[in-house]
Each structure stands twice: as structure tokens, then as C-alpha cells.
Amino acid sequence: MAVAAAAIKRDAAPAGDGTILLGAAEFRFLRDFVYAHCGIALGEHKRQLVQGRLARRLRALGLPDYAAYCALLRSDPNGELGELASAISTNVTAFFREPHHYELLERELLPQWLAHKRRDGDRLRIWSAGCSSGEEPYALAMVLAEALEKHGATGVDAKILATDLSPQALETARNGVYPLDKLDGISEERRRRWLLRGAGEYEGYACVHSRLRELVTVQPLNLLHDWPMRGPFDAIFCRNVVIYFDQPTKQRLFSRYAALLPAGGHLFLGHSESLHGINDDFELIGRTVYRKRA
């Protein structure tokens with residue numbers, strides 16, 4: 001036992017260049033913890049990546065090694081969970097990423113929905129699950145706000161729920177302030193209408209219009225835990241999220257999505273994701289666009 005403990009300690013000791021190494025025992029704990037709490041599956045080949053990603057957290061928390069970080073997670077699993085998930089996952093997002101989804105929404109789906117939601121107070125709900133720093137829900141809000149005006153449905157109770165696990169991403173989404181070089185996906189017309197250019201200390205940034213903020217509600221949510229909302233949603237965007245999940249986790253998640261969508265409700269996935277062999281509640285109707293079966 002003492003020999004094994006000594007081996008783990010040597011494995012986790014700093015390297016010659018001062019890098020703190022992630023020991024085998026600590027990696028196994030982190031792998032199991034992340035899977036249990038976030039659904040993210042980490043193979044042994046991810047050990048070096050996890051070490052590099054979490055090195056910043058050790059410095060930020062003033063911890064000497066990964067054993068201390070594991071002890072922190074044991075003592076308060078939820079306190080560090082969002083930071084951990086954010087560190088080990090890659091949050092790649094952009095305004096109007098995968099534009100064919102927005103084109104379908106604008107050209108076909110919103111006109112169909114609004115044809116049946118004309119009365120004041122009629123509900124229209126879209127969920128951006130894994131919204132990251134907010135570019136996706138605000139792009140959806142631009143399309144939605146324009147459709148409400150175009151179809152004379154400004155009295156419809158329309159909302160976009162934006163959820164994520166990362167505290168930093170959620171803070172950016174709530175603030176709605178983005179560097180100008182992050183706006184490439186937005187047309188000039190929409191930039192003029194929906195973004196306010198910053199000045200002074202906000203030079204080089206733009207802030208989303210207050211109308212978009214009215215449409216978007218940003219909330220923290222762990223997709224593996226209980227969900228406070230009961231739906232139904234007209235559409236759920238879950239793009240580039242399940243790439244981190246194994247098959248059983250995907251099956252559970254998509255079954256829960258199906259429960260929140262009515263027959264004919266839509267589910268949007270990322271360009272490399274598919275429901276093939278995972279869930280039969282949906283039928284494919286376009287590039288990574290699924291409709292719930294009757």
C-alpha cells in the first residue's frame with residue numbers, strides 16, 4: 001500500500017520544467033467525477049489534455065497539485081463543477097453558425113408556427129441548450145424578433161431559454177457584449193439594427209439590443225440533473241454538445257428532449273451529430289434537423 005501511494009505521489013510530482021503532473025489516481029477520480037456529474041466521457045488518451053486544461057484552475061485557486069483539486073471536488077462537488085466542465089470542454093460558438101438552421105427557421109418554421117399563434121399571449125418557446133457565451137440564442141432572437149414583426153405577431157408570448165453549465169460563458173451571455181471581430185456571421189443590416197457599438201472603455205465591442213435581451217432568458221443548467229422547465233418547446237437547439245457524451249447518456253438526453261417537444265416539434269443538432277441508432281422519436285427532415293414523430 002505504501003509503495004503504491006509513493007508511486008502515485010511520484011506520478012503527480014512536478015516535472016523538471018515545473019509542470020504539475022496529473023497522476024493516474026487523480027485522473028481516474030476526475031474521469032469518474034466528470035462522467036457522473038456532466039456526462040462527459042474521458043478516455044485515457046485525454047489525460048494530458050485534462051492536465052493542461054486544469055493547470056489554470058490550480059493556479060487560479062492557489063492549489064499545489066491535482067490531489068488538492070480532487071479533494072476540493074469531494075468536499076463541494078457543485079461549487080467547482082461549472083468551472084471544471086468549462087475547462088475540459090471546447091466552447092466553440094459564433095453568431096449564425098451553421099446558417100442553414102437559421103434559414104429554415106426564418107423561411108419555413110416560424111411562419112408555420114406563427115400562423116397558429118396569432119393571439120396575444122399565445123406561447124412560442126425555443127431552448128438553446130448548451131448556449132455557451134450567448135451567440136446562438138441572440139442570433140435566434142434576431143430571427144424571432146424579425147418574424148414576430150413581419151407576421152404581425154408582436155403580442156405572442158415568445159421566449160428563448162438559454163442554458164449552460166459554464167459560469168464564465170453564462171456571464172458573457174447575460175452581459176451580451178462581444179468584440180467586433182466576433183460579429184462576422186451577422187449581416188450589415190442586422191448589425192445596424194440589433195447591435196449598439198461601444199465607445200470609450202467599450203471601444204471595439206458591441207452590445208446586443210434591449211429587444212433581444214427581452215426575448216432571451218439566461219439560466220445555469222446541468223443537462224444531467226433535474227430540469228425545472230416543463231415545456232412544451234417548439235424547438236430545441238442542442239448543437240455540438242453531445243459530442244462529449246457516450247451512447248447511453250445520449251439516449252437518456254434525447255428521450256428527455258422528446259418529452260419536452262410536442263408532435264411536430266423540432267430538434268437541431270450540430271454538424272457532426274446524429275440521432276441514427278440512438279433515438280426513434282424523431283425523423284430527419286434536413287441537415288441535422290429532426291422533427292418529433294406523431
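# Exercises on a predicted protein chain

The protein chain has an average pLDDT of 91, and 94% of the residues score at least 70; pLDDT is the predictor's confidence in each residue, from 0 to 100. This is a predicted model, so local features need pLDDT of at least 70 and side-chain atom pairs count only at pLDDT 80 or more, while totals for chains, interfaces and linings use all residues. Residues are numbered from 1 along each chain as its sequence is written, and side-chain values use heavy atoms, with hydrogens and water left out.

## Exercise 1: Get an overview

Task: find how many helices and strands the protein chain has, and where pLDDT stays under 50.

Solution, step by step:

1. Helices (H or I, at least four residues) and strands (E, at least two) are DSSP runs, numbered from the N terminus. The protein chain has 11 helices and 10 strands.
2. Now the weak spot: over residues 1-10, pLDDT stays under 50. The model has 2 contacts beyond four places in sequence for residues 1-10, a contact being heavy atoms within 4.5 Å.
3. Where pLDDT is low, the predicted coordinates should not be read in detail.

## Exercise 2: Follow the chain through β1

Task: work out which strands pair with β1, and which hand the crossover from β1 to β2 has.

Solution, step by step:

1. Start with the pairing rule: two strands pair if DSSP finds at least two bridges between them.
2. Strand β2 (residues 157-164) is parallel to β1, with 7 bridges between them. Isoleucine 126 has isoleucine 160 in β2 as its bridge partner.
3. On the way from β1 to β2 the chain passes through α7, and this β-α-β crossover is right-handed. That means that, with the strands pointing away from the viewer, the path from the first strand over the helix to the second runs clockwise.
4. β1 also runs parallel to strand β7 (residues 235-238), joined by 3 bridges. Here serine 128 is matched with phenylalanine 237 of β7.
5. Finally, check the cover: 6 of the 7 residues of β1 are buried, where buried means under 20% relative accessible area, exposed over 50%, and partly exposed in between (1.4 Å probe, protein chains only).

## Exercise 3: Check two helices

Task: compare the span of helix α7 with what you'd expect, then say why α5 counts as largely enclosed.

Solution, step by step:

1. The expected span of a helix is 1.5 Å times one less than its number of residues. For the 16 residues of α7 (residues 135-150) that gives 22 Å, and the end C-alpha atoms are 23 Å apart, which agrees.
2. Of those 16 residues, 14 are buried, so α7 is largely enclosed by the rest of the structure. Just after α7, glycine 152 has a positive phi of about 60°.
3. Over in α5 (residues 81-88), 8 of the 8 residues are buried, so this helix is largely enclosed too. Its cover includes α2 (24-38), α3 (47-61), α4 (66-75) and α8 (167-175).

## Exercise 4: Hunt for disulfides

Task: count the disulfides and explain why cysteine 131 has no bond to cysteine 238.

Solution, step by step:

1. A disulfide is a pair of cysteine sulfur atoms within 2.5 Å. By this rule the count is 0.
2. Take cysteine 70: its nearest cysteine sulfur, in cysteine 38, is 14 Å away.
3. For cysteine 131, the closest cysteine sulfur is in cysteine 238 at 11 Å, which is too far for a bond. Cysteine 131 counts as buried because its relative accessibility is 2%.
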